[in-house]
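Here are a few notes from my read-through, written as numbered points so you can follow along. Please have the viewer open as you go.

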Amino acid sequence: MNSANIRIVLVNPSHPGNIGGAARAMKNMGLRQLVLVAPRKFPHEEAEWRAASAVDLLEQAVVVESLAEAIADCQLVIGTSARGRRIPWPVLDPRRCAEEVQASVARDEQVALVFGREDSGLTNEELQTCNLHLHIPSHEDYPSLNLAMAVQVVSYELRMLALDGQLPQASTDEWDAPFSTMENMERFYQHLEQTLVQIEFLDPAAPRQLMARLRRLYGRVRLDEMELNILRGILTETQRAASAGRPEN
Ligand code: SAH
């Protein structure tokens with residue numbers, strides 16, 4: 001996904017901290033184009049402070065006077081809203097929104113994601129200039145997210161879609177020891193069973209489901225050879241201690 005075609009537009013943000021927070025959220029997720037529509041305080045040291053290593057986005061941010069100017073050259077405009085509006089409009093969640101954005105960017109279109117004022121969001125007129133609306137499915141007890149947090153959620157979904165298929169699937173890809181073979185696992189279970197009998201934890205006359213449960217436990221974990229050796233060592237020492245403590249008569 002070419003992120004150069006995607007811009008984040010903040011309409012009349014009042015808190016400079018939110019502008020910085022939005023810039024940081026964007027850069028973390030690989031977005032760079034920030035457009036500010038008549039920000040109340042900008043530039044501002046609080047914005048820089050919250051942006052941390054994303055101050056370059058603030059330096060490059062485009063400041064305009066109206067939403068119309070911010071989106072004039074865009075082919076897809078998505079307006080975000082914390083609540084439903086009077087006239088029903090096509091509403092997406094952030095994941096579906098990312099798909100729409102990806103399809104649009106693939107056609108080399110310019111896309112704007114528009115965020116509203118901290119206190120009152122976007123006006124109905126502003127929302128009606130948007131092709132689609134986006135709502136983050138927040139809890140009805142408190143549906144409105146902090147502005148920068150809303151930017152974070154939307155940018156994250158774009159990133160996840162852009163990275164699709166490239167993320168490592170399992171964290172065991174680069175394990176430091178090979179996983180145990182079934183043959184070694186069988187030896188371990190025999191050793192475990194012998195030991196449990198020896199310490200009288202397992203009664204061979206009434207084994208119940210103990211070994212089955214232990215197999216299920218270790219099977220779920222998937223032991224590697226190193227871990228298996230540690231457990232075998234513990235069993236060997238347990239057996240030695242048990243026979244030392246209870247001399248044969
Ligand atoms: N009281 C305002 C809330 C504005 S929150 C209102 O009811 O509209 C500031 C901005 O953060 C919103 O304009 C929107 O851009 C974004 N935002 C906050 N919560 C959101 C949500 N649940 N879904 C989508 N955008 C949200």
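1. Let's start with Asp-108, which sits in the loop that runs between helix H5 (94-106) and strand S6 (111-115). Its phi is positive, about 60 degrees, although Asp-108 is not a glycine. Please bear in mind throughout that this is a predicted model.

2. The backbone has another spot worth a look. Phe-42 and Pro-43 are joined by a cis peptide bond, with omega at about -5 degrees. Pro-43 belongs to the loop between strand S2 (33-37) and helix H2 (45-51). Both this point and the previous one stand out because most residues other than glycine have a negative phi, and most peptide bonds are trans.

3. Now to the ligand. Which pocket does the ligand take up? The space it fills is the largest pocket. There are 21 residues around the ligand, and those that come nearest are Thr-80, Arg-83, Gly-116, Ile-136 and Leu-145. By character, the shell splits into eight nonpolar, eight polar and five charged residues.

4. For anyone setting up the polar contacts, three distances may be handy. The side chain of Thr-80 has an N or O atom 2.5 Å from an oxygen atom of the ligand. On the backbone side, an N or O atom of Leu-145 is 2.8 Å from a ligand nitrogen, and a backbone N or O atom of Asp-119 is 3.2 Å from a nitrogen atom of the ligand. How much of the ligand's accessible area does the protein cover? On its own the ligand has 540 Å², and 93% of that is covered by the protein.

5. At the level of the whole chain, the domain assignment gives domain 1 (3-162) and domain 2 (182-245). Their centres, taken over C-alpha atoms, are 57 Å apart.

6. Finally, have a look at Gln-194, which is placed in helix H8 (residues 182-198). Its side chain makes a polar contact with the side chain of Gln-239, at 3.4 Å. How far is Gln-194 from Asn-146, in sequence and in space? The two residues are 48 positions apart in sequence, and their C-alpha atoms are 60 Å apart in space.

How values were computed: Residues numbered from 1 in each chain as written. Predicted model: local features only at pLDDT ≥ 70, side-chain atom pairs only at ≥ 80, totals over all residues. Heavy atoms only, no water. Near = heavy atom within 4 Å. Polar contact = N/O pair within 3.5 Å; in protein donor to acceptor, adjacent residues only side chain to side chain. Areas by Shrake-Rupley, 256 points an atom, 1.4 Å probe, with all protein chains shown as cover. 1 Å grid on protein atoms, 1.4 Å probe; cavity = no way out; pocket = protein on both sides within 12 Å on 5 of 7 lines; lining within 4 Å. Sits in = over half its atoms within 2 Å of the grid points. Nonpolar A, V, L, I, M, F, W, Y, C, P; charged D, E, K, R; others polar. Domains from an automatic or database assignment. Helix = DSSP H or I, 4+ residues; strand = E, 2+ residues; numbered from the N terminus.
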